[in-house]
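This report introduces a structure to a reader who has not seen it before. The surroundings of the ligand are treated before the strands.

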Amino acid sequence: MEKIKIALLGLGTVGSGVREILNEKQEQLSQKIYQKNGQKVTIEIAKILIRRPENYLEADPSLLTTNYQEILDDDSIKVVVEAMGGEHPATEYMISAMEKKKQVVSANKLAIAKSHGSLEEVARKNQVHFSYEAAVAGTVPILRTINDSLVANEITKVSGIINGTTNYILSKMTNEQSSYKDALKKAQELGFAEADPASDVNGDDAKYKIAILSRLAFGKWPDLDSIDCQGITAVTPKQIKDAKTKGKVIKFLAQSEKVNGNIIASVSLQEIDRQHPLAHVEGAMNAVYLHCDNAGELLFQGAGAGSRPTASAVISDVFEIIERYR
Ligand code: HSE
């Protein structure tokens with residue numbers, strides 16, 4: 001049985017989910033790879049990059065490192081899973097991994113959107129695979145669907161609920177009359193929010209994700225500054241109640257379409273009809289709604305945040321790399 005060694009950068013919400021699932025499902029994953037292409041391999045986490053070893057006393061110390069160079073210099077590590085978040089040094093770490101001909105998987109919507117295609121360019125140059133299914137809509141396999149399953153379509157519009165934290169807050173305020181503050185606190189406790197939840201509630205997180213979706217759907221990166229982005233911080237219980245009495249619901253929607261060759265994208269609070277397909281997406285669930293010329297309208301829904309749902313998407317990328325690119 002050959003071992004495919006991977007390195008994990010970060011052991012926070014996403015990284016710890018990846019580690020747990022890989023440990024629990026090692027045998028099943030090996031079986032699935034074997035069933036798919038006859039390879040007998042196991043996936044092994046060979047190194048984990050962390051900042052403070054004293055926070056991970058339960059982990060096998062031989063796996064932990066604070067020195068990224070150790071991972072870069074280890075030629076037996078074929079895949080780097082970036083789960084540290086933030087733009088820097090995550091971007092530089094991904095670039096140097098690809099330059100060392102390592103395959104890279106990332107859940108980092110911020111770094112991917114801000115790189116505006118340059119990370120993909122580095123991957124192309126180095127003939128490695130760079131995949132980031134987990135960066136948009138958590139566990140929902142939306143990027144792969146747009147890239148592969150809908151290849152025979154022109155996508156005309158993408159809309160959706162693509163931030164779990166804000167949808168959770170709005171749902172709690174709507175259904176349980178929670179205060180904004182309590183709902184945000186709970187979202188943080190449940191591991192939905194970013195390390196700094198400002199990027200959830202001010203709309204930046206959803207902006208990065210709609211930029212990635214736009215790139216995949218329309219073949220072009222929108223300028224991040226051109227995305228009209230309003231957060232949810234100004235939402236009031238009265239606004240929510242008023243919408244309810246009108247048979248409507250307030251949702252935080254991201255939308256993008258191509259108009260005369262230009263991408264028009266926005267992230268904002270919207271009052272939508274109770275019959276709208278996105279009206280009943282509750283809690284930390286995300287949903288992406290696509291309009292396609294041949295396939296028609298499609299709706300994809302699932303957990304948009306949280307440790308295991310996001311880790312599930314990360315592992316699907318690792319699996320695909322092993323399956324296709326060895
Ligand atoms: N903070 C993000 C969210 C995590 O709430 O959607 C998943 O990207």
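## The shell around the ligand

In this predicted model, the shell around the ligand comprises five charged, four polar and three nonpolar residues. The charged members are Lys109, Glu194, Asp200, Asp205 and Lys209. Gly164, Gly304, Asn163 and Thr165 count as polar, while Phe192, Ala193 and Ala305 make up the nonpolar group.

Two helices each contribute at least two residues to this shell: helix H8 (164-175) and helix H11 (204-218). Gly164 and Thr165 fall within the range of H8, and Asp205 and Lys209 within that of H11.

## Polar contacts and burial

Nitrogen of the ligand takes part in several polar contacts. A side-chain N or O atom of glutamate 194 is 2.6 Å from a ligand nitrogen atom. For aspartate 200, a polar atom of the side chain lies 2.7 Å from a nitrogen atom of the ligand. Phenylalanine 192 contributes through its backbone, with an N or O atom 2.7 Å from a ligand nitrogen.

Of the 260 Å² of accessible area that the ligand has on its own, the protein covers 93%. The ligand occupies the largest pocket.

## The sheet

An open sheet is formed by six strands with parallel pairing, in the order E3-E2-E1-E4-E5-E6. Its edges are strand E3 (64-65) and strand E6 (130-131), each of which pairs on one side only.

At the E3 edge, the partner is strand E2 (residues 41-49), and two bridges join E2 and E3 in the parallel sense. Leucine 49 has threonine 65 in E3 as its bridge partner.

Key. Residues numbered from 1 in each chain as written. Predicted model: local features only at pLDDT ≥ 70, side-chain atom pairs only at ≥ 80, totals over all residues. Heavy atoms only, no water. Near = heavy atom within 4 Å. Polar contact = N/O pair within 3.5 Å; in protein donor to acceptor, adjacent residues only side chain to side chain. Areas by Shrake-Rupley, 256 points an atom, 1.4 Å probe, with all protein chains shown as cover. 1 Å grid on protein atoms, 1.4 Å probe; cavity = no way out; pocket = protein on both sides within 12 Å on 5 of 7 lines; lining within 4 Å. Sits in = over half its atoms within 2 Å of the grid points. Helix = DSSP H or I, 4+ residues; strand = E, 2+ residues; numbered from the N terminus. Pairing = 2+ DSSP bridges.
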